[in-house]
Structure formats: C-alpha cells, structure tokens
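Biologist: Hey, I'm new to this one. Could you pull it up and walk me through it?

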Amino acid sequence: MENDKMLPQPSAIILEEQTGLTLTEVCQACAVRVEYIVELVDEGVLNPLGREPHRWRFTGTHLRRATVALRLQRDLGVNLAGAALALQLLDEVEALQARLLAMGRN
Amino acid sequence: MEFKDYYQIMGVARDATQDEIKRAYRQLARKYHPDVSNDPAAEVRFKELGEANAVLKDLEKRAAYDQLGSNWKAGQDFRPPPDWNAGFEFSGDGSQGADAGDFSDFFESLYGRGFTGGGRARPDFHARGEDHHAKVMIDLEDAYNGATRVITLRTPEVDAHGRVAMRSHKLNVTIPRGVRAGQHIRLAGQGAPGIGQGKAGDLYLEVGFNPHAHFRVEQRDVYLDLPLAPWEAALGATVTVPTPGAAVDLKIPPNSTAGGKLRLKGRGIPGTTPGDFYVVLQIALPAAESESERAFYAAMADQFKSFKPRTRLGA
C-alpha cells in the first residue's frame, strides 16, 4: 500500500491572500510586459495601492483579475475595454448568485 | 482512438463558410470560456472547441480533415489511413495558441506533435511551462482546521525519444487554514514542465466547499439557523450551539424574536481578518396534541389578549 505521507508535498499558498506584490512580480507571474499591467490599471481593472507605478503594491486578487483579463483577451478576441466590462459583469453575477443562494436557503 | 467530429463540436454544417466557422467559434467560446461559465464541463468543452477551431479555421488543415470523408461518426474508433495527408502542406510554426498542449490524440495523429509541441525540438528555445488548473472540494471544517488532500494529476510529458506520454502523479496538497470558496491555492512548480531551461508552470487549485447540512457560508462569515423553544426565546436561556470549530454555549437574551441574529465575533472562517459566526434564531412550536396541551395554548391566548402578531400587516 502506498503511504500518502511519502508523496511530494509542495508548499501551498492562497493566491488571493498575497499582498504587497510589486509591478515586476505581477508581470512575472502573468508572463506579460509592464505596459500591459499599466494598461489594466489605467482601464480601472486593477487598483493597486500607491501613486506612481514603482510604488504600486498589488494583491493576489489583482493577480487573479489580471490573468482572467489576459485569458479573455487571448481566447475571445475582445479588447482591453471588453475584458474590463466582462470582469465587471462577472463580479455582479457572482454577487447576485451569492444573494440568491442565501435567500434560497432561508 | 476516437474520431472527433469537429463540425459537430462547432455546430456548423460541413459546407460552412470560413466566416460562419469564425462566428460559431466566437459564440461558443464566449459561452464555454472557463472564466465565464459556471458549467462544470465548460473547461473540457472549451478545449474541444479550441481544437476544432484550430483545424477548421485553417484552410489546409480543414481540407485534409474533409478528405477523411463524412462517413466517420464522433466517438468511432479511428486510425488515420496511410498517406492520408499526402499533398497537403501545413504551414505555421507549430504554435496553436491557447492550451495547444492539451489537444487530443486524434488531433496529434492527424497533424503530428510538431503542431502541439511548440518547437520542443529546438535546443536553444526556452519557455516557462504552462500553468495548470484544477478544482478541489473541501469541507467547511477543513477551512477551519486546515487539511491535506491527495490529488492525482495527469500531465503530458516528453520522454527521451521526444514522444509525448501522459504520466499521472500524486501530490499531497496542504489545504491552508482559512481558505475560502472561490479562492485559489497556488502550488509553485507543479504545472507543466518548462521547455528547454524554462521553469515549470504552477498548479492552481480552485477551492469549493461541499454543501453543509447546518452551516452556510457567505464570504468569510458562517451562518447557522438555530431553532428555539418558545419559552427559551421568551425567558432567555443558555443553549449549546455547534460551530465548525467547537460547540459553544450561547446566551439567548430574554424576548428574542424569530429572525434575530446573534454574532459570535471572529468565529467565522479564520484568517488575518477572521469572519464572524452568525446564529439566526428560529422559533419551533410544540404541537398541541393532547387535551392538556390544547388547554395550555388556550390559556396562553387568554393570557396574551393584547398580543397582535399581524400589526405590521395593518390587520
């Protein structure tokens, strides 16, 4: 019988709980150029802390939004504004579904 | 291997124009994009679509595919006829865009691995491996206490002869304490292997909670409906309440009403800002079955003559 304790145990972190990520770190994690992340901030898709780009600090949730925006653009042929709109609507759908679920149980 | 009917997957006729194919792909891609759709089968469907589109949007590949004839049915056992693609020249540098590494054996038998390999043969080519995504369902209790899960993954790997083989391996994954539904656990270096000296990709596990018989979760707060006897609600009581952590003795204030919420601060899902645990009060009525029980309710009606339960309705 295989002992599960012998299996590789990679370190696990919760993506969304990360904080204080720099612009460079976000670019590396998404494998994109700096300009792309700057565009996402300009479009209002990401709202990092800090004023100037070199002071920007991102969270894991920002990282997640950036990768989804990237995938939507790549896979669906939408432009940046389209991806931003899709993300905003997805947030609203998620909030509504959570409310629906809560009401359905009561 | 199974024959794939790319026209059926795209929902178009065999004589569809390139424009019709493009339209069908865009429409279905929006519907089944894994970031957009809630359908659990969306990811599989989206990959199929990507593969069908890679063939049908390319005139040369489509012509070669059409040459197989229209007698094949989806799912039928398929072997490519010898020299089936003689006379066709496939252009392109081998990159197929999104998730090309996941194309089916059927696709590879027709168009070769050169198309899916992304230039693995070039020794000076390095690229980071793709990230992999999977879902993991945990119990609410696991988010309170942390847990480990053994996860089996199947990944394509290139062997010493340059062939791609599916290899399955197991991982012991630590579910961190305080994880919430919809969050992603990142396992660095556990995605697809890199090309050349490129680093391996990461594995992302999207967390979901198994539905719980008593508790419901909203973000980091946890709710429990707590039934009370009428006298407990009216007179106040101390009631033992289950929470995912441990049972708690909760003081119910006198004259509590149904729908009232009691908050146990910080007893929701743990974390740097822990959630709260809410007890939603309900009042359970004992049935009046025996003569003496009916008499008791009648005496209550007599006692509470001024009690108007429907004043809110204006009645």
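Modeller: Here is a short chat about chain B, the salt bridges and a charged patch.

Modeller: This is a predicted model, where local features need pLDDT of at least 70, side-chain atom pairs count only at pLDDT 80 or more, and totals for chains, interfaces and linings use all residues. Residues are numbered from 1 along each chain as its sequence is written, chains are lettered from A and ligands numbered from 1 in the order in which they are written, and side-chain values use heavy atoms, leaving out hydrogens and water.

Biologist: OK, what's the secondary structure of chain B?

Modeller: Chain B has eight helices and eleven strands. Those are DSSP runs numbered from the N terminus: helices are H or I with at least four residues, strands are E with at least two.

Biologist: And how much of chain B is buried?

Modeller: 36% of its 315 residues. Buried means under 20% relative accessible area, exposed over 50%, and partly exposed in between (1.4 Å probe, protein chains only).

Biologist: Switching topic: how many salt bridges are there over all chains?

Modeller: The structure holds 15. A salt bridge here is a side-chain nitrogen of Lys or Arg within 4 Å of a carboxyl oxygen of Asp or Glu.

Biologist: Which residue of chain B does A:Glu17 pair with?

Modeller: A:Glu17 meets B:Arg180 in a salt bridge, 3.7 Å from N to O. That pair crosses between chains, from the loop between β1 (12-14) and α1 (23-30) of chain A to the loop between β3 (164-175) and β4 (184-187) of chain B.

Biologist: Is B:Arg180 buried or exposed?

Modeller: B:Arg180 is buried, because its relative accessible area is 12%. A:Glu17 has 35%, so that one is partly exposed.

Biologist: What does B:Asp202 bind to?

Modeller: B:Asp202 forms a salt bridge with B:Arg186, with the closest N and O atoms 3.0 Å apart. They sit 16 residues apart and link distant parts of the chain: B:Asp202 is in the loop between β4 and β5 (203-209), B:Arg186 in strand β4. B:Asp202 counts as buried because its relative accessibility is 6%, while B:Arg186, at 22%, is partly exposed.

Biologist: Which residues are linked in a network?

Modeller: A:Arg64, A:Arg71 and B:Asp35 are linked by salt bridges.

Biologist: Last one: where is A:Asp42?

Modeller: A:Asp42 is in helix α2 (residues 34-42) of chain A, and it's exposed because its relative accessibility is 63%.
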